[in-house]
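Colleague: I should like to understand how the terms in a structural description are justified. May I put some questions to you about this example?

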Amino acid sequence: MENAVHYALEQITDECIINLTCVYSQGLIQIYVKNSGSEFPDDLLENLRTHKIQEQGLGIALLNIEERIQLMFGQQYGLHFYNENDFAVVKMEIPYVKDDYRG
C-alpha cells in the first residue's frame, strides 16, 4: 500500500484510486493492491534481479519481500506485477496457515 501511495501520487496530480482486495480460495490467500496513475514495466522482478532496470528505492524492497515470502512458504508463492485497465496491480499469493508456520 505504501508503494502505491508513494509512487502513484508522485507521478500524477489528478485523482488517484487505490484499491485493496483480499481473496481466500482453496487454501490460498491472494492480496491485490491496484492503483491508478502508474504502471509496471514488463517482467519487473526479473529485470530488477538482473539489473536490467535501475532500482529507484523500490526495487530492493520488492526483491526482499519476494525472497521472504518464498523462504517462508515456497517458490510457488510470491509477488506478481502487471497492468490491467489503467491500473498497476500487485498480487501477493501466500498459503492460508491456521497455526504458526514452523516450516
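The conversation below takes up the terms one by one.

Modeller: Please bear in mind that this is a predicted model. The chain has three helices and four strands, and along the sequence they follow the pattern α-β-β-α-α-β-β. Buried residues make up 31% of the 103 residues.

Colleague: What makes E66 a buried residue?

Modeller: The relative accessible area of E66 is 7%. Buried means under 20%, so E66 meets the condition. E66 lies in helix α3.

Colleague: Why is D43 called exposed?

Modeller: Exposed means over 50% relative accessible area. D43 has 57% relative accessibility, and therefore it counts as exposed. D43 is placed in the loop between β2 and α2. Its phi is near 55°, a positive value in a residue other than glycine.

Colleague: Is N85 buried or exposed, and how do you know?

Modeller: N85 has a relative accessible area of 66%. The limit for exposed is over 50%, so N85 is exposed. N85 lies in the loop between β3 and β4, and it has a positive phi of about 50° although it is not a glycine.

Colleague: How do you know that E66 and R49 form a salt bridge?

Modeller: The closest N and O atoms of E66 and R49 are 3.6 Å apart. A salt bridge requires a side-chain nitrogen of Lys or Arg within 4 Å of a carboxyl oxygen of Asp or Glu, so this pair qualifies. E66 lies in helix α3 and R49 in helix α2, so the pair ties together parts that are 17 residues apart in sequence. R49 has 40% relative accessibility and counts as partly exposed. E46, R49 and E66 are linked in a network of salt bridges.

Colleague: What else does the side chain of E66 make a polar contact with?

Modeller: The side chain of E66 makes a polar contact with the side chain of Q70, at 2.8 Å. The cut-off for a polar contact between N or O atoms is 3.5 Å, and the value for E66 and Q70 satisfies that distance condition. Leaving aside neighbours within four places in sequence, E66 is in contact with L45, R49, G78 and L79.

Colleague: Why is the pair E84 and K34 called a salt bridge?

Modeller: The side chains of E84 and K34 meet at 3.2 Å, N to O. The limit is 4 Å, so the name applies to this pair. E84 lies in strand β3 and K34 in strand β2, so the pair ties together parts that are 50 residues apart in sequence.

Colleague: What makes E84 and K34 partly exposed?

Modeller: E84 has a relative accessible area of 34%, and K34 has 24%. Partly exposed is the class between buried, under 20%, and exposed, over 50%, so both residues belong to it.

Colleague: How many salt bridges does a search of the whole structure find?

Modeller: The search finds four salt bridges. One of them joins E93 and K91, with the closest N and O atoms 3.4 Å apart. E93 and K91 are both buried.

Colleague: How do you know that β1 and β2 pair?

Modeller: Two strands pair if there are at least two bridges between them. Eight bridges join β1, residues 18-25, to β2, residues 28-36, so the condition is met. The two strands run antiparallel, and S25 stands opposite L28 in β2. They form a hairpin with two residues between them, and Q26 in the turn has a positive phi of about 50°.

Colleague: Which residues touch the most other members of the largest nonpolar core?

Modeller: Of its 13 residues, L44, L45, L62, I69 and F81 touch the most other members. At least two residues each come from α2, α3, β3 and β4. The largest share, four residues, comes from α3. Leaving aside neighbours within four places in sequence, F81 is in contact with F40, L44, L45, L62, V89 and V90.

Colleague: Why might such residues gather together?

Modeller: In soluble globular proteins, nonpolar side chains tend to be buried together.

Terms used
Residues are numbered from 1 along each chain as its sequence is written. This is a predicted model: local features need pLDDT of at least 70, side-chain atom pairs count only at pLDDT 80 or more; totals for chains, interfaces and linings use all residues. Side-chain values use heavy atoms; hydrogens and water are left out. A nonpolar core is a set of buried Ala, Val, Leu, Ile, Met, Phe, Trp, Tyr and Cys residues joined through side-chain atoms within 4.5 Å. Buried means under 20% relative accessible area, exposed over 50%, partly exposed in between (1.4 Å probe, protein chains only). Contact means heavy atoms within 4.5 Å. A polar contact is a pair of N or O atoms within 3.5 Å; within protein, one must be able to donate a hydrogen and the other to accept it, and residues adjacent in sequence count only if both atoms are side-chain atoms.
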